[in-house]
Amino acid sequence: MEQLHLPAVTQAQGTIILPGSKSISNRTLLLAALSDGVTIIRDLLASDDTARMLEALASLGIKLENIGENAWQVTGCAGNFPNKQADLFLGNAGTAFRPLTAALAFSQGDYHLHGIPRMHERPIGDLVDALRQAGADVNCTGNEGYPPLQISPATLDVSQPIQIRGDVSSQFLTALLMALPLTGQAASIEVVGELISKPYIEITLNLMQRFGMVVQRDGWQRFHIPAAACYQSPGEIFVEGDASSASYFIAAGILAGDVTVQGVGQHSIQGDIRFAEAAHLMGGRISYGESHVRAEKTSALKAIDLDCNHIPDAAMTLAVMAMFAQGTTTLRNIASWRVKETDRIAAMATELRKVGATVEEGPDYIQITPPVQLVRHAVIDTYDDHRMAMCFSLLSLAGIPITINDPKCVGKTFPEYFQVFAGIVR
């Protein structure tokens with residue numbers, strides 16, 4: 001297995017420009033493909049996840065043209081994919097797999113969707129159940145409720161509200177919202193239970209509106225898609241920097257120096273920008289601009305007890321920051337960690353213990369007490385999870401050498417992460 005040895009460092013200084021947001025990139029690609037007209041997308045994230053979406057759209061007959069660095073021209077299909085048969089390999093890209101499942105369920109074709117073994121362990125049953133309520137023909141070809149999926153033409157009926165659980169993954173609701181306009185009928189969605197990760201639904205609704213689709217909603221429980229609605233290209237759209245990736249550099253500035261992150265600001269449409277608020281609760285010195293966040297060294301961090309439902313991805317960075325804080329940090333309402341690229345609660349607990357932490361994990365929480373002295377030369381497993389690799393790089397800022405196994409897993413969202421990180425630490 002490939003390893004990356006990170007030396008002990010004690011300072012982080014500089015300015016970094018973020019890669020594009022994964023969540024915004026893949027949503028924008030699909031909406032552009034479904035639109036009437038040609039869309040130019042700028043600052044698109046170049047990563048494994050977006051590569052899988054681009055490959056899938058090309059297989060579905062969408063004309064895609066790379067017109068510059070991280071710039072793509074997408075010729076939309078006005079809601080009707082040209083290719084009615086396709087075999088789509090989507091790796092471990094949830095932001096591609098879930099929305100494409102819903103869009104293809106309403107596309108009157110024969111489609112096979114599959115991915116790497118971990119993707120076949122990530123539940124999709126709640127989305128499949130919701131699509132079946134609308135008459136879609138979606139079959140799980142392995143274990144019921146999990147990929148791979150076979151989708152066939154079907155007679156659709158969305159006259160009754162479609163019910164979908166909100167407490168497993170917000171990506172299911174995102175997928176349904178983005179796909180329902182393809183039916184051409186007025187449609188309603190009812191969320192069953194508490195909706196988690198609401199900021200990600202805000203991203204979806206914001207982008208749908210950019211493409212001319214205004215969704216009416218009643219709180220977070222009911223959503224209504226108008227009849228005869230069609231996506232319209234906005235012409236040109238820019239992808240914000242990735243707020244989840246910003247969390248590592250904001251943390252680095254707080255832990256060891258002065259770091260400015262460009263590409264996101266106080267008014268970002270991404271919920272993970274609120275990581276900065278959580279870091280401030282720990283004592284971090286944070287300041288904002290229109291399109292940047294600055295983080296400065298804080299002498300003594302304090303432990304926090306926080307509901308992290310609104311920042312599920314960025315909350316992982318808080319777990320590592322807890323190793324620099326005085327007291328016991330508790331991160332709550334993070335059940336969605338269990339169904340991500342790996343079981344992130346279990347993975348985080350296992351790896352933090354390697355560096356000396358006392359960790360208690362529950363079904364939807366993790367509690368972390370740092371040791372008096374961190375263990376040096378720990379070897380961190382990353383579980384093919386980009387965020388595990390990026391989070392644990394921060395421990396080197398405690399002045400301890402650390403080894404990261406399989407560092408290339410960061411290719412999922414930030415292929416150049418370790419080069420950028422090395423550029424600001426000393």
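Helices and strands are here DSSP runs, numbered from the N terminus. With that convention, D313 can be placed in the loop between β19 (305-307) and α9 (315-321). The model that contains this loop is predicted, and the paragraphs below move from the overall division of the chain to its individual parts, returning to D313 at the end.

The protein chain is divided into two domains: domain 1 covers 3-17 + 241-424, and domain 2 covers 22-229. Taken over C-alpha atoms, the centres of domain 1 and domain 2 are separated by 30 Å. Where the two domains meet, 23 residues of domain 1 are in contact with 22 residues of domain 2. About 1800 Å² of area is buried between domain 1 and domain 2, and carbon and sulfur atoms give 49% of this area. On the side of domain 1, I269, V339 and K412 supply 34% of the area buried against domain 2, more than any other three residues. Charged contacts also occur here, with a count of two salt bridges between domain 1 and domain 2.

K412 also takes part in a charged pair. D49 forms a salt bridge with K412, and the closest N and O atoms of the pair are 2.8 Å apart. D49 is one of the buried residues of helix α2, which also include T50, R52, M53, L54, A56 and L57. The helix itself comprises twelve residues, 48-59. At 1.5 Å a residue, α2 should span 16 Å, and its end C-alpha atoms are 17 Å apart, which agrees. In general, an α-helix has 3.6 residues a turn, so residues three or four places apart point the same way. The buried residues of α2 pack against two helices, α1 (22-34) and α3 (94-105), and against the strands β4 (63-68), β5 (71-75) and β6 (85-89). Just after α2, G61 takes a positive phi of about 95°.

Strand β5, one of the packing partners of α2, contains W72. Leaving out residues up to four places away in sequence, W72 touches T39, I40, I41, L44, L54, L64, E65, N66 and I67. Among these contacts is L54, which is buried in α2. W72 and F89 are 17 residues apart along the chain, and their C-alpha atoms are separated by 21 Å.

A further buried position is P147, in the loop between β8 (137-140) and β9 (149-152). P147 counts as buried because its relative accessible area is 2%, and the cut-off for a buried residue is under 20%. Not counting residues up to four places away in sequence, P147 touches F97, M119, H120, R122 and I124. P147 and P117 are 30 residues apart in sequence, yet their C-alpha atoms are 9.4 Å apart in space.

Attention now turns to charged pairs. As a general matter, side chains of opposite charge can pair when their charged atoms come close. The structure holds 29 salt bridges. In one of them, R118 pairs with E121, with the closest N and O atoms 3.3 Å apart. R118 is buried at 19% relative accessibility, whereas E121 is partly exposed at 49%. In another, R285 pairs with E296, and the closest N and O atoms are 3.5 Å apart. R285 lies in strand β16 (residues 285-288) and E296 in strand β17 (residues 292-296), so this pair ties together parts that are eleven residues apart in sequence. The side chains of D305 and R332 meet in a salt bridge at 2.7 Å, N to O. This pair links distant parts of the chain, with D305 in strand β19 and R332 in strand β21 (residues 329-332), 27 residues apart. R332 is partly exposed, with a relative accessible area of 37%.

Salt bridges also join into a network that links K22, D49, D313, K340, E341, R344, D385, R387 and K412. The network thus leads back to D313, where UniProt, in an unreviewed entry, places the feature "active site". Is D313 buried or exposed? D313 is buried, with a relative accessible area of 7%. Leaving aside neighbours within four places in sequence, D313 is in contact with Y200, S244, D272, K340, R344 and R387.

Conventions:
Residues are numbered from 1 along each chain as its sequence is written. This is a predicted model: local features need pLDDT of at least 70, side-chain atom pairs count only at pLDDT 80 or more; totals for chains, interfaces and linings use all residues. Side-chain values use heavy atoms; hydrogens and water are left out. Helices (H or I, at least four residues) and strands (E, at least two) are DSSP runs, numbered from the N terminus. The expected span of a helix is 1.5 Å times one less than its number of residues. Buried means under 20% relative accessible area, exposed over 50%, partly exposed in between (1.4 Å probe, protein chains only). Contact means heavy atoms within 4.5 Å. UniProt positions are given in the numbering used here, feature names are shortened, and annotations may be inferred rather than shown by experiment. Domain bounds come from an automatic or database domain assignment. Buried area is the accessible area (1.4 Å probe) that two parts lose on being put together, summed over both. A salt bridge is a side-chain nitrogen of Lys or Arg within 4 Å of a carboxyl oxygen of Asp or Glu.
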